[in-house]
Amino acid sequence: RLNRLSDMDIARPDVARARRRRRLLYSAGSLAVLIAATLGLTRLKPAAPTVDRAQVWLDTVKRGEMLRQVRGNGTLVPEEIHWIPATTPGRIERIRVLPGAEVKADTILVELSNPEVEQAAIDAEWQLKAAEAQYNKLKVQLESDRLSQVAQAAQLNSECMIAKVDAEADTTLEAEKLVDRLTALRSRTRAEQLAIRHELEQKRLAILEQNHQAQLAAQQAELERFRALLALKRKHLAELTVHAGIDGVLQRLGDQDQLQVGQQLAAGANIARVA
């Protein structure tokens, strides 16, 4: 009975070894698949959220201003408030726009009057005209003086050239004993004197031109001063017509009380507020 052993009772170490190897291979394969799946999931981008078709609008995207209308309780406040002061004193002649009206930057709000400002602009204009006339007169006078000096220098230059030719001729004649020594000496002396006078006249002409330029520059500066003064007076005159300055709504006329036609305003007084 002991010699009759079944196959189950016989030890097979090679079979057990093969089973352990297969289990190790299965475990390693499962681990590799798990690692590969984890890496794949980490590299996936987030899926786009889903939304119901009835809750969205489909259209072409365009560049521009996007308006969103909302409702709520509160108080509307202006983004910009522009106070318009009186730059010059004046009396209100006419009120063109009342508070609450929509205005543009060039809308005329109030018209003022000031006889002194108007007269100052007229006086400045006449002063400028007088300065321009004085400048032109001085320019003509200086040019006349310059031409006279140029003519005198040219005449002296001509005399100098003639005297030089006479001196050379007398020197030649003196060598040939046809003219005495005194006559030749006088001719050379006169030629030298005229040459010196001509050089002085040339220097005098250059100094005269520099002097003329300085006088014209001074008169030109005076002319520019009167032009700037006229521009300022015209600016004050134009400011008697009060414009809104910005696009918006006229909120108020006057700082405290409503402005009235005939009212006198001092310089710096608030005329209007535009928001």
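**Exercise 1.** Find which residue in E5 stands opposite Ile 108.

*Solution.* Start with the labels: strands are DSSP runs (E, at least two residues), numbered from the N terminus. Ile 108 faces His 243 in E5. Next, place the strands. E4 covers residues 108-113, and 3 bridges join E4 to E5. Two strands pair if DSSP finds at least two bridges between them. E4 and E5 run antiparallel.

This is a predicted model: local features need pLDDT of at least 70, side-chain atom pairs count only at pLDDT 80 or more, and totals for chains, interfaces and linings use all residues. Residues are numbered from 1 along each chain as its sequence is written, and side-chain values use heavy atoms, leaving out hydrogens and water.

**Exercise 2.** Work out the order of the strands in the open sheet.

*Solution.* Take E2 next. E2 and E4 share 4 bridges, antiparallel. Here Arg 94 has Glu 111 in E4 as its bridge partner. E2 (residues 90-95) also pairs with E7, over 2 antiparallel bridges. Gly 90 stands opposite Leu 265 in E7. The order is therefore E5-E4-E2-E7. E5 (241-243) and E7 (264-265) are the edge strands, each pairing on one side only.

**Exercise 3.** Identify strands that supply the largest nonpolar core.

*Solution.* First, the term: a nonpolar core is a set of buried Ala, Val, Leu, Ile, Met, Phe, Trp, Tyr and Cys residues joined through side-chain atoms within 4.5 Å. Buried means under 20% relative accessible area (1.4 Å probe, protein chains only). The largest core has 20 residues; Leu 109 and Leu 250 are among those with the most contacts inside it. E4, E6 (248-253) and E8 (270-274) each supply at least two of its residues. A second, separate core has 7 residues, including Leu 128.

Terms used:
Buried < 20%, exposed > 50% of the residue type's maximum accessible area, 1.4 Å probe, protein only.
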